[in-house]
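Let's take a friendly walk through the sheets of this model and the helices that pack on them. Have the fold in view as you read.

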Amino acid sequence: MAKSLKNMETAVIHAGYNAKDHAGSLATPIYQTSTFIFDNAEQGERRFAGEEEGYIYSRLGNPTVRALEERMAELEDAEAALAFSSGMAAVSAVLLAMTKAEDHIICSQGVYGCTFSLLEWMEANHQISFELCAMETEEQIQQMIRPDTACIYVETPINPTMKLIDLEMVTQAASQHGIPVVVDNTFSSPYLQRPLTTGCDVVVHSATKYISGHGDVVAGIAAGSSKWINQIAQSTLKDIGGVISPFDAWLLLRGLKTLPIRMDRHCENAAYIAQQLKKHSLVQNVHYPGDQDHADYRIMKKQMKKGGGLISFELDGTKEQVQKFLNELSLIRIAVSLGDAETLIQHPATMTHSAVPEEMRSKMGITDQLIRLSVGLEAKQDIWQDLERALNAFQKG
Ligand code: LCS
C-alpha cells in the first residue's frame with residue numbers, strides 16, 4: 001500500500017496502488033481471473049494455512065479488488081476495508097458478522113428500505129431483534145441499551161428524510177458499554193464525512209452511489225478496524241460470498257479519482273436548488289442539511305464538510321398529483337439510486353421505501369407527498385428550469 005496520503009484529493013488518485021508492482025501500468029490492471037496458480041503443493045498449503053502472503057482464489061482476494069479496498073481504507077481513515085457486490089451485501093455481511101441469535105440491534109429511526117427489510121428478516125428468521133431510536137439525545141440511546149445489544153446502526157443523513165444524527169453523541173453512549181457503532185456513510189462519501197474519526201467502529205457504503213458516481217456499477221464497501229474487518233472477511237464475506245468483480249472494482253477506482261471534484265459540484269448545485277425550491281410557493285418542507293434553516297444544521301457543521309447532493313421536499317397534493325409532477329420532468333430522470341452525474345428524482349413512499357410498512361413510514365417522516373432529488377452535475381440553471389416548469393404544470397393540473 002502506498003504510504004499514508006493526507007490530502008484526500010491526492011489519496012483518491014494514488015492510495016493503495018503502486019505502478020511499480022504492476023509493470024508500470026498507470027491505470028490499475030484488471031486481474032480478471034478466478035484463481036491464482038501456486039508454485040507447488042507446499043506453497044498452496046502455506047497460503048491456506050495463512051503462513052505465506054499471496055493470492056489463492058478471487059473470492060478470498062484479488063489484486064484489483066485489494067487496490068480498491070486499500071484506497072477506501074485510506075479515505076475512511078480505517079485500518080482495513082472490504083469490497084462487496086452491492087451495498088446490501090456489505091450491510092448484511094457486517095450485521096450478520098456482528099450478531100448472533102438472541103442479540104439486539106439499535107437502529108436509527110430511518111434507514112434505506114432494504115436495510116429495514118433486512119432487519120425485519122433477521123428478527124423473523126434468526127431471532128436477532130431490533131429497535132428504532134430517534135437518537136436525538138444520548139439518553140434516548142442509553143435507555144434502549146440492553147446487555148444483549150450487539151451493535152448500534154446509524155444512517156446519517158437518513159435516506160430520504162435528510163435528518164442527521166450526531167455521531168459523536170452516539171459513540172459516547174455506545175463506548176460506555178463497549179458496543180460497536182456501524183455508520184452507513186453512503187449519502188456523504190468520505191469526502192464529506194468520516195465517521196471513524198468520531199469514534200465509530202465500522203463504515204458501510206452503497207458504493208453504487210457517490211463512490212462510483214457514474215451510475216454504471218452496483219457495489220458496496222465496509223471499512224473499520226482490522227479486528228472487525230478481519231472478522232467479516234473470514235466469515236460473512238468469505239462464506240456467504242458477496243464479493244465484487246475485478247471489473248467493478250476497477251470502475252470504482254476510476255470513479256473515485258474525481259470524487260472531491262464531483263462532490264463539490266453536487267453540493268454547490270444542491271445548495272442552489274434547495275434555495276430555489278424554498279422560494280417556490282408550491283413547495284413545502286425542503287430538507288437540505290446545508291441549509292441554515294435545516295433542523296440539524298448544527299450537526300451538519302459539526303460532522304460534515306458540506307451539505308451533500310441530496311434534497312427532499314414535499315408538494316401539497318395527492319400521491320397522483322405528485323406522480324404527475326414527476327412525469328412532467330424531462331431533463332431530470334425518474335429513477336432510484338443517487339450520486340450520479342445525472343439528476344435523479346424518485347418517490348420514496350412508492351419506490352425505495354415501499355417495503356417499509358405504512359405506519360413505520362409515517363413514523364420515519366416518509367409521506368406520500370415526499371419527493372427525493374439527487375442533484376447531478378448538470379448546469380444548476382438547467383436543473384432548476386426543469387423543476388420550475390414541472391411545478392408550474394403541477395399548479396395548473
Ligand atoms: N445504504 C443506503 C443509504 C442506500 O441508499 C442504499 C441503496 C443501500 C445502502 C444499498 O445499496 P445497494 O445494494 O443498492 O448498492 N439506496 C438506493 C436508493 O436510495 N435508491 O436506489 C437504491
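Contact here means heavy atoms within 4.5 Å. Keep in mind that this is a predicted model.

## The seven-stranded sheet

One open sheet holds 7 strands, in the order β1-β7-β6-β5-β4-β2-β3, with mixed pairing. At its edges are β1 (80–84) and β3 (129–133), and each of them pairs on one side only. On average, neighbouring strands of this sheet are turned by 20 degrees against each other, direction ignored.

For a closer look at one pair, take β4 (residues 149–155) and β5 (residues 181–184): they run parallel and are joined by 4 bridges. Y153 has V182 in β5 as its bridge partner.

## Helices on this sheet

Helix α3 (residues 63–75) packs on the sheet, where it touches β1, β6 (202–206) and β7 (220–224). The direction of α3 makes about 130 degrees with that of β1.

Which strands does helix α4 lie across? Helix α4 (residues 87–98) lies across β1, β2 (104–108), β4, β5, β6 and β7, and runs at about 155 degrees to β6.

## The five-stranded sheet

Another open sheet is made of 5 strands in the order β8-β9-β12-β11-β10, again with mixed pairing. Because β8 (283–287) and β10 (333–334) stand at the edges with a single partner strand each, one side of each is left without a neighbour in the sheet.

Strands β11 (residues 344–346) and β12 (residues 370–374) run antiparallel, joined by 3 bridges. Here L344 stands opposite S374 in β12. Helix α11 (residues 259–279) lies across β8, β9 (310–315) and β12, at about 15 degrees to β9.

Conventions
Residues are numbered from 1 along each chain as its sequence is written. This is a predicted model: local features need pLDDT of at least 70, side-chain atom pairs count only at pLDDT 80 or more; totals for chains, interfaces and linings use all residues. Side-chain values use heavy atoms; hydrogens and water are left out. Two strands pair if DSSP finds at least two bridges between them. Helices (H or I, at least four residues) and strands (E, at least two) are DSSP runs, numbered from the N terminus. Axes are lines fitted to C-alpha atoms, for helices over the stretch in contact, and angles run from 0 to 180 degrees between N-to-C directions.
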